[in-house]
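Q: Please take a close look at the salt bridges in this model. Set them beside the cores, the surface and the unusual backbone sites.

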Amino acid sequence: MIVAADRYCGVFSILLEAESGNSGFIAVDDVTVTKGSCEDVAVASGVFVGCQFETNSCGWTDVSVGQFAWQRDCNGTATANTGPSVDHTTGTELGWYMAVEASFGDQNSYAGLQSPAMRQASSDCVLEFYYHMYGEGIGELKVFLQEGPRRTLLWWKSGDHGDEWHRAEVAVGRTHQVFTILFEATRTFSELGDIAIDDLTFLNCSLPEPQESCPTGTFTCSNRVCVDMGRVCDFSDDCGDKSDEAHCDELGYKQRCSFEQGMCSWEANEGWNGWSLQSGERAWSGHGPPRDHTRNTAAGHYIVPIHQHSAGQTAEIMSSTLLPSSECTVSFYHYSHGNNSMAGLSTQLRMLRSGDDDIILWGQSVTHGFHWQRAEATFSSSVKAKIVFRFVGSGESHEEFITVDDVSFSPSCVHDPDNSQLPVTPPTDPPSTPTAPPTTPTPTDHSSTPTTDPTSPTPTDHSSTPTTDPTSPTPTDHSSTPTTDPTSPTPTDHPCKENEFHCWRSSGVKCIAASAQCDYSIDCPLGEDEDTCGPCTFEYGLCDWSDISQNDNEWQRVKAGNNTKPPTDHTTGEGHYMHVNFSSVPSESEVQFQSPSLPASSPYCQILFYFHLGRGGSVGDLSIFLQNGEGRRTRLWTRNHSTATDWSLEHLAIGKQQQPYRIIYSSQTTSLHSQGASKPEYRAIAVDDISFLNCETSYQPPALSATGCSFEKDLCGWVQGSTEDLHWLRQSGPTETVNTGPAGDHTSSQGYYVYVESSSPNRKGQVARLKSPLLPPAGKKGYCLQLWYHMFGATVGSLKLFLQSISSRKTTLMWQRTGSQENKWQLVQSHVTLQEVHQILIDASIGGEAGDIAVDDLAFTEGACVPEEGLCDFEEGSCGWTQQADDDLDWIRGSGGDSVVNVKPSFDHTTHTDRGYYYYIGSDSSHGGEHRAWMSSPIITTGDKQCLHVWYYMSGLGRGTLNMYQEHSGGGQTLLLSHSGEQGKLWRFAQAPLPHTSPDYRIVVEGVKGQSEQGAMAVDDLMLSKYPCTGPGHCDFEVNMCGWRNVLEEDDANWLRDQGNAQAPNTGPNVDHTTNSSIGKFSGSLAFHD
């Protein structure tokens, strides 16, 4: 669709609005804004333009900036002793080629030669050419695939390669849209040298032709193209219409993995280095290729061996278990770069857990290459087995790497649904070879995976399983009062010494030190030393707790039964608990239940208890107070709405108490009369199983690193908050609601994570809280909190991280995000420096039916957080940026916490909170006219940085301007970007290409404000990226949203950046427009039925 915009003077934005009914999907892709009138340019499909340059340049165009440029030449270049004396085509001085000469242009200049536009290249498309690189001034020669604004590196060489022509072969790969090929050459500091190319030829690039009929044993595509059956469902579009890659699961191709959503079922072998998930954006140039195979872009993913540059290091990754199979074929793509016979990759068949009897199916050493190569191995096995990718490194070069992508199994491979372990030893009798592959697994005694979480507690005779999250920790022996019948002997017997305590409930004569009584630690075998010290199950009395209410309403000990609310106690199901008994006479009062005097406690002390607030009533809440020795009370906790289950568990921090204190349970029974009722409707309120955790004064917390959690087994000591009934759920695989939530965990794609389910019966606005164990003071260097989060869906709520001081009860918002944040796991990290015992709180709120929020892989490491390479978020300081002295205003590092009205933002971009930092322009009205503020970056050495990213804030400015320059080492500036005027009270994204015209440079930020302007101008999250910028006015949504944003304050759903492999049918396009594939990205708006 092409739309002509009306002429408009000034700053404006474009708003895309989608309105839908109860179901359906609206999507957009490839948004482009161009200057001038609209034109529809058609590019013929299947026409590929090579060139020998004998008569002309065949439509290949020089797109260089400056004197360093490509030119058609023959018989050497102008500089003596450089340049080819003959071309490659004819081998004579009369032949022609394209060349650049190092004597032209500046240091680090680059020249571009661009092909004519082409369209629809096949999966096997290859560009063949010959290159000549000779002389001291040679920099680099690179070949790029240009698709719209996206540029993908295909091939690269650097340095002097002698006075001769060399052949090169570049795999272009499947491209679904219009594309060009770009040759880019750079020079160094010397003026001697040349780079030349000749005989450009495109091979096997046309899509296959349709046939009248296909031979037996081949696959017939939807477009009547014939494809070998071995090339079906192997992540390569051999048909040209993707029909050979459709419905693969239905056709029996199981356990395929493109690594776009994680590691699938592949996992590391314990005892060896593993493999990690990478993308071209992050791994190139030292650890992996600049593009993956699946998407043929830098944003796509593949796997690389960990520590592949270490000598003698071995890295293994294993598939899920295969059952006995005949003629099973595994196919995959690998990319190796380097030239080292000592390092290599092998594919092995493993039948024993130790790997002692592995069979090598395929192998290759690291060889020079610039494209993904397909490999396959076929085998038969009469026993269970796994496929292993094994890499052995040499450590000789950091410019060598080998990677794997797009693994698939043929339908004849039989997969074990339980992914059972391999045996330790071979079977005693040789296994028989099956005549046909078995279709169902034979379960063994210990290898099948249970259908329920094996970490869930098993109820015992005297302790029923709680109805809340089974992963919540259960009080240990030393923190709860035993329920053993205490009928014999009684405390009237005194066989112990005067300074000893008699364990009267225990058999025999057991004496302990008197000081060991009431110290939060059970020393008697049956716990009678802590009977009257706070912990209580209420099975044998009140344990010295007492009702101190001053009216007819009171706390009473009741036995659970059909006439009580709730009908069961928590301890045994049939035992006792404490219950508020409301009088029939309406009154406004406080019902109070007080503990005995409790001893001094550690800073990590917590009280654990189960509580119940009944449904239906409109009167009655439950609060917890701490009363010190002087009688002063502090409210610790409160809840005023009913619980979803009979009993809910709360872990409540008490912290350090240096003097005796008491805990008071209180319910405020204000007389609120229901409609037409003669008396208030009281809500049932009950408490049971009070215990204390880590309260002994000698308690020392575990190492901070132990607080991290991947949620593979349980919650690792993290607990649910109980002010709401919404809980974090531990999950493996996708969440229940389609089009929201992750496809797998972050750790391995096969493990566990925690998430908040947004669908019914949960409601919009509900909040789930996850609380860390109590953590020690952060120490001199502080620590870095890292976690991975996933927020994707049309109606995602918010995710917030809080820091809570235990002593002051102050809660500080550290970081937050609202709305959908892309369909992938993303990292957040925060430097914590609080020098007090504290707790991390993770809150997730529901925004609607499609708003699942997930968290995984929490980690705590000593010291400040390490930012992403090239990024400065100003959280830890200025990153070396300095204020210039010859201006009349200053850039000031600040945060929204000390916000000055209309001078700076109330929140930063990094954390979205008032405690995050940015740089803003101060205000000074002492000068007339315009005011300018300049700050500059540290010196940046010209390297692989190609694009400047920045988030800026400009509000309340009429004539204000933000400029950013590249200041060259040899003098002079280049304007990179400029924005003026009112931009709204929000952070906006901008980017600008970085020209390589000098060996080093600085980035200079200039802010210009008028004399009377008091508006806010600020910058945050400046980043130098080694990948090209998205072209101005264009967005294909392949990498990010390009600065497009959801208008959260005005709508009730979100535009989502997604791809075609949707989890539910009929809910969106199967392919995007950019790549015409299921892995390309688009932006869509999904309608849900309420």
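A: The salt bridges come before the cores, the surface patch and the backbone.

This is a predicted model, so local features need pLDDT of at least 70, side-chain atom pairs count only at pLDDT 80 or more, and totals for chains, interfaces and linings use all residues. Residues are numbered from 1 along each chain as its sequence is written, and side-chain values use heavy atoms, with hydrogens and water left out.

A salt bridge here is a side-chain nitrogen of Lys or Arg within 4 Å of a carboxyl oxygen of Asp or Glu. That rule gives 21 salt bridges. One of them pairs E650 with K771, at 3.2 Å from N to O. This pair links distant parts of the chain, 121 residues apart. E650 sits in strand 35 (residues 648-653), and K771 sits in strand 41 (residues 767-771). Strands (E, at least two residues) and helices (H or I, at least four) are DSSP runs, numbered from the N terminus.

Both partners are buried: E650 has a relative accessibility of 2%, and K771 has a relative accessible area of 8%. Buried means under 20% relative accessible area, exposed means over 50%, and partly exposed lies in between (1.4 Å probe, protein chains only).

Some salt bridges share partners. Through them R231, D234, D238, R374 and E376 join into one network.

Two further pairs deserve a look. D358 bridges to R350, with the closest N and O atoms 2.7 Å apart. D358 and R350 are both buried. D249 meets K254 at 3.3 Å, N to O. K254 is partly exposed, at 34% relative accessible area.

Now the cores. A nonpolar core is a set of buried Ala, Val, Leu, Ile, Met, Phe, Trp, Tyr and Cys residues joined through side-chain atoms within 4.5 Å. The largest has 51 residues. W70, L127, F129, L141, I181, F183 and I197 have the most contacts inside it. Take F129. Contact means heavy atoms within 4.5 Å. Leaving out residues up to four places away in sequence, F129 touches a mixed set, including V143, W155, H166, R167, F183, I197 and D198. Apart from the largest core lies another, of 33 residues. Among its members are W728, Y783, M814 and V828.

The surface also carries a nonpolar patch, made by I14, L16 and V33, of about 230 Å². Patches are made of residues with over 30% relative accessible area and no salt bridge; like charges are joined within 9 Å, nonpolar side chains (Val, Leu, Ile, Met, Phe, Trp, Tyr) within 5 Å. Areas come from the Shrake-Rupley method with a 1.4 Å probe; for residues, only the protein chains shown count as cover. V33 lies in the loop between strand 2 (31-32) and strand 3 (61-62). V33 is partly exposed, at 41%.

Last, the backbone. Most residues other than glycine have a negative phi, and most peptide bonds are trans. The K565 to P566 bond is cis, with omega near 0°. P566 lies in the loop between strand 29 (554-559) and strand 30 (576-581). S760 and P761 are also joined by a cis bond, with omega about 15°. P761 is in the loop between strand 40 (752-756) and strand 41. N204 has a positive phi, near 55°. N204 lies in the loop between strand 13 (194-203) and strand 14 (218-220), and is exposed at 59% relative accessibility. D689 has a positive phi of about 50°. D689 is in strand 37 (residues 685-693) and is buried, at 11% relative accessibility.
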